[in-house]
Amino acid sequence: MSKSFTTITDDVAKGLGSMRKEIPETIQGFNALAKAALSPGVLSALDKELIALAIGVASRCDACIGFHVKALIRLGVSRAQLMETLAVCTYMGGGPTLMYAAEAVRAYEELNSEQPAPVSA
């Protein structure tokens, strides 16, 4: 059975929602850290999300791949930018990382197809 990154991110979001209610300080702290780390500075928000995706791929974290691919799509990542990032991941992580790089491509294709088509003028 093939993974669905929509299902993975939806399921994890539900668990995070429960955690937000039961350990709000922890989740608020994590969210503040994420916001600070991903805010544009010398590196753009897109560059920072590409780094986050690379770490998610190297860590073999399906939910990380799904959430960061969604963020990258919102930020307008090109397929070429995604592929170059995955090439560096593969170089640094070898065969196991290549397998998760392919999962990131699947996530991009699945989640990008869910975006509404741009309106032509």
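How many salt bridges does a search of the whole structure find? The search finds four, where a salt bridge is a side-chain nitrogen of Lys or Arg within 4 Å of a carboxyl oxygen of Asp or Glu. Side chains of opposite charge can pair when their charged atoms come close.

Before you start clicking, a word on the model. It is predicted, so local features need pLDDT of at least 70 and side-chain atom pairs count only at pLDDT 80 or more, while totals for chains, interfaces and linings use all residues. Residues are numbered from 1 along each chain as its sequence is written, and side-chain values use heavy atoms, with hydrogens and water left out.

**Stop 1: K3 and its partners**

Select K3 and D62. Their side chains meet in a salt bridge, 2.8 Å from N to O. This pair links distant parts of the chain: D62 sits in helix 4 and K3 in the segment before helix 1, 59 residues apart. (Helices, H or I of at least four residues, and strands, E of at least two, are DSSP runs numbered from the N terminus.)

Keep K3 on screen and add E103. These two side chains also meet in a salt bridge, at 3.1 Å from N to O. Here the partners are 100 residues apart, with E103 in helix 5 and K3 in the segment before helix 1.

Is E103 buried or exposed? E103 is buried, because its relative accessible area is 15% and buried means under 20%, exposed over 50% and partly exposed in between, using a 1.4 Å probe and protein chains only. K3 has 28% relative accessibility, so K3 counts as partly exposed.

Now add R106 to the selection: K3, D62, E103 and R106 are linked in a network of salt bridges.

**Stop 2: R79 and E109**

Next, select R79 and E109, whose side chains meet in a salt bridge of 2.9 Å, N to O. R79 is partly exposed, with a relative accessible area of 37%. E109, at 42% relative accessibility, counts as partly exposed too.

**Stop 3: helix 3 beside helix 5**

Color residues 45-58 (helix 3) and 79-113 (helix 5). The two helices pack at an angle of about 15°, with their axes 9 Å apart. Axes are lines fitted to C-alpha atoms, for helices over the stretch in contact, and angles run from 0 to 180 degrees between N-to-C directions. That angle makes helix 3 roughly parallel to helix 5; angles under 35 degrees count as roughly parallel, over 145 as roughly antiparallel, 65 to 115 as roughly perpendicular and the rest as oblique.

While you are here, pick D47, which is found in helix 3. D47 is partly exposed, with a relative accessible area of 33%. Turn on a distance label to Q81: the two are 34 residues apart in sequence and 9.4 Å apart in space, C-alpha to C-alpha.

**Stop 4: R60 in the loop**

Move on to R60, in the loop between helix 3 and helix 4 (62-74). What is worth checking here is phi: in R60 it is near 60°, a positive value in a residue other than glycine. Most residues other than glycine have a negative phi, and most peptide bonds are trans. R60 counts as partly exposed, because its relative accessibility is 37%.

**Stop 5: L72 inside helix 4**

Select L72, found in helix 4. L72 is buried, with a relative accessible area of 0%. For another distance label, try A36: L72 and A36 are 36 residues apart in sequence and 17 Å apart in space, C-alpha to C-alpha.

**Stop 6: a nonpolar patch**

Finish with a surface view and select V12, L16, M19, I23 and F67, which form a nonpolar patch on the surface with about 340 Å² of accessible area together. Patches are made of residues with over 30% relative accessible area and no salt bridge; like charges are joined within 9 Å, nonpolar side chains (Val, Leu, Ile, Met, Phe, Trp, Tyr) within 5 Å. Accessible areas come from the Shrake-Rupley method with a 1.4 Å probe, and for residues only the protein chains shown count as cover. Helix 1 (residues 5-22) gives the largest share of the patch, three residues. M19 lies in helix 1 and is partly exposed, with a relative accessible area of 37%.
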